[in-house]
Amino acid sequence: MTKKISMKVSGMTCMGCEEHVAVALENIGAKNVEASFRHGEVLFELPDDIGIESAKKAIDEAKYQPGEIEEISSQENVVLGNEGDYDLLIIGSGGSAFSAAIKAVEKGAKVAMVERGTIGGTCVNIGCVPSKTMLRAGEINHLAGKNPFGGLNTKAESVDMATLTENKDKLVEGMRQQKYVDLIDEYGIDLIRGEASFIDENTVEVNGQKYIANKFLISTGASPSIPNISGLKEVNFLTSTTALELKEVPKKLAVIGSGYIAMELGQLFHNLGSEVSLMQRSERLLKEYDPEISEAVDEALTKQGLNFITGVTYKKVEQNGNMKKVYIEVNGEERVIEADQLLVATGRRPNTGSLNLKAAGVEIGKRGEVVVNDYLQTSNPNIYAAGDVTLGPQFVYVAAYEGGIVVENALGAANKKVDLRFVPGVTFTNPSIATVGLTEQQAKDQGNDVKTSVLPLNSVPRALVNRETNGVFKLVVDNQTKKIVGAHVVAENAGEVIYGATLAVQFGLTADDLRNTMAPYLTMSEGLKLAALTLDKDVSKLSCCAG
Ligand SMILES: Cc1cc2nc3c(=O)[nH]c(=O)nc-3n(C[C@H](O)[C@H](O)[C@H](O)COP(=O)(O)OP(=O)(O)OC[C@H]3O[C@@H](n4cnc5c(N)ncnc54)[C@H](O)[C@@H]3O)c2cc1C
């Protein structure tokens, strides 16, 4: 015969502690041990011939403090704590959600996560991971077909898109499992499957079941936004998600939009063999960037064979059989762009439609985004939001950073403000585009006396030996303090280069600081030092290693 015991235990702070307590009790013969650090409690069964004092001693020897003990009748079904109550309930399971959930569990909170779709959200399933692995494949195919070295004979054969896509799916599956799914049990997060909507400010409903929490995090991300163009809805178009599922390379791909997702996917399919046209309403590519960056990107990608059509007014879209036709007007002239596939990549809209935010007193902005203050708190102080749903910079590291801030503010008293001044941004084309800090115009608008240096890529030795010299480095420097306030790069591996520049901009390094560091010769990062030297020296007059 056994007796069922519930014992309060102090000193447990994590899942490791739960394990120690369980092992200590099992060693004296206890069965079905269930310890919870969150509730400071352990449930177990003890054979009648083992006294409760032995259990207390075992806990004590394991360096935890045994407390109140209760014997439970064997018919009673006890769960630890009230399973309906959460310290933090997170809606979504992407980058911001996981970052918040892990930090919250580490603080001892009881956490639930609600997901209506695939665990892991955008980045791992349909964003960063699948697009970057496919881009790498495209780049290799491009280089095989057009390598820049005389005497090196390579050629690109036809592309087996179905196999590429299948392998991409396997990679995604593995990374999703390892970086997201496995962590749910590892950290003891309660996963609730289904779509969440608020019924009042303390309660969400999922599949008819109500869940109450003290604090909430809305981290529901964003989805492709579809522009209002006549006929578009009747056409079988691709979004970034479905473009990455294609089993055949399109012969011709027309792209509506030319932001970072449009550029990456446009170049991907160009590199795999499609004839690609990217259309955009504004006159200049990447119009928020420095003009030198736009020019360098335009020149490099146009030389590679991508067709950019700017200053477009969309008239209508039609589909005949498989062919899609986009009727546009450019400089007063009517044109029709025909393609077997049409990709729409014109930004993303926040996923707030199904949340019934009104019931919780959460305000949304004009574009459907959750409005937050500097502490990522919504108009309801117990409800926070992080990541793409707030329409901040749409990068997974921003989402994760914000998820962390939410936990510090919601579960502690950190009063931590979100700081997005130094967010590096990378577009993974080749050459890639990377930027951090202020553009020249932004620095001027803030009243700074600005000095800039613009270094064409053919002044960077790494680019010369690579035989790929389309690109540019630009530094924006405050002329009074000499601090670098912005860095902008178009070059192979610009994404790697920008991390050094981020440290420089974030921690207030000056152009002299850059000049006084050693930059490894032949790296693309040397361009940062050369650009710093270019502020007051003609870099073409320097010898090797900027000496
Ligand atoms: C093609 C593409 C490429 C990208 N490449 C990069 C890159 O290289 N680097 C980078 O940093 N970023 C990249 N991004 C951006 C990055 O993926 C996002 O910024 C990031 O994933 C946002 O994370 P999140 O936590 O805000 O939301 P998400 O990851 O989108 O998660 C939101 C989750 O909430 C769920 N959800 C929504 N509503 C509800 C509801 N009512 N109930 C329950 N669940 C709900 C959704 O199903 C989703 O799983 C890319 C994006 C795309 C589309």
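Start by colouring the protein chain by domain: the assignment gives domain 1 (2-73), domain 2 (86-223 + 350-410), domain 3 (232-346) and domain 4 (425-541). Keep in mind that this is a predicted model. Domain 2 is written as two segments, 86-223 and 350-410, and both need to be in the selection.

Next, show domain 2 and domain 4 together. Their centres, taken over C-alpha atoms, are separated by 32 Å. The contact between them takes eight residues from domain 2 and eight residues from domain 4.

**The largest pocket**

Select Gly259, Tyr260, Leu286, Glu288 and Tyr289. Of the 48 residues that line the largest pocket, these are the closest to its centre. The volume of this pocket is about 1500 Å³. To see which elements take part, add helix 8 (260-272), strand 19 (348-350), strand 21 (425-427) and strand 22 (432-437), the elements that give two or more residues to the lining. Colour the lining by residue class and it divides into 21 nonpolar, 18 polar and nine charged residues.

Stay with strand 21 and pick Thr427, which is placed in that strand. Is Thr427 buried or exposed? Its relative accessible area is 1%, so Thr427 is buried. Display its contacts, leaving aside neighbours within four places in sequence: Tyr260, Met263, Glu264, Tyr289, Ser432 and Ile433. Tyr260 and Tyr289 were in the previous selection, among the residues closest to the pocket centre.

Now move along to Pro431, in the loop between strand 21 and strand 22. Centre on the peptide bond from Asn430 to Pro431, which is cis, with omega near 0°. Most peptide bonds are trans.

**The second largest pocket**

Select Gly121, Thr122, Cys123, Arg348 and Asp388, the closest to the centre of the second largest pocket among its 49 lining residues. About 1100 Å³ of space lies in this pocket. Which element gives the largest share of the lining? Helix 4 does, with five residues.

For the wider surroundings, show helix 3, strand 6 (111-115), helix 4 (121-126), helix 5 (128-145), strand 11 (222-224), helix 8 and helix 10, each of which supplies at least two lining residues. With the domain colours on, domain 2 and domain 3 each give at least three residues to this lining. By class, the lining has 20 nonpolar, 22 polar and seven charged residues.

**Helix 10**

Select residues 396-411, the 16 residues of helix 10. Put a distance label between the end C-alpha atoms and they are 22 Å apart. At 1.5 Å a residue the expected span is 22 Å, so the two values agree. The buried residues here are Val398, Ala399, Glu402, Gly403, Gly404, Ile405, Val406, Val407, Asn409 and Ala410. To see what they pack against, show strand 5 (85-91), helix 3 (95-106), strand 10 (209-218) and strand 20 (383-385).

Step into the loop between strand 20 and helix 10 and pick Leu391. Leu391 is not a glycine, yet its phi is positive, about 60°. At 18% relative accessibility, Leu391 counts as buried because the cut-off is under 20%.

**A second positive phi**

Go to Lys63, in the loop between helix 2 (52-61) and strand 4 (65-72). Lys63 also has a positive phi, about 75°, and is not a glycine. Most residues other than glycine have a negative phi. Is Lys63 buried or exposed? Lys63 counts as exposed, because its relative accessibility is 67%.

**Strand 16**

Select residues 323-330, strand 16, and centre on Val330. With a relative accessible area of 10%, Val330 is buried. Draw the C-alpha to C-alpha distance from Val330 to Ile309: 8.1 Å, for residues 21 apart in sequence. Not counting residues up to four places away in sequence, Val330 touches Ile309, Thr310, Gly311, Val312 and Arg335.

**Helix 15**

Finish at residues 526-534, helix 15. How many of its nine residues are buried? Eight are, and the helix is mostly covered. Select them as Glu526, Gly527, Leu528, Lys529, Leu530, Ala531, Ala532 and Leu533. Then add the elements around them, including strand 23 (450-456), helix 12 (461-466), strand 24 (472-478), helix 13 (494-506) and helix 14 (511-515), which help to cover these buried residues.

Key
Residues are numbered from 1 along each chain as its sequence is written. This is a predicted model: local features need pLDDT of at least 70, side-chain atom pairs count only at pLDDT 80 or more; totals for chains, interfaces and linings use all residues. Side-chain values use heavy atoms; hydrogens and water are left out. Helices (H or I, at least four residues) and strands (E, at least two) are DSSP runs, numbered from the N terminus. The expected span of a helix is 1.5 Å times one less than its number of residues. Buried means under 20% relative accessible area, exposed over 50%, partly exposed in between (1.4 Å probe, protein chains only). Contact means heavy atoms within 4.5 Å. On a 1 Å grid over the protein atoms alone, a cavity is a set of points where a 1.4 Å probe fits but cannot get out, and a pocket is an open set with protein on both sides within 12 Å along at least five of seven lines; lining residues have an atom within 4 Å of a point. Grid points are joined across faces, edges and corners, and a volume is the space filled by probe spheres set on the points. Ala, Val, Leu, Ile, Met, Phe, Trp, Tyr, Cys and Pro count as nonpolar, Asp, Glu, Lys and Arg as charged, and the others, Gly among them, as polar. Domain bounds come from an automatic or database domain assignment.
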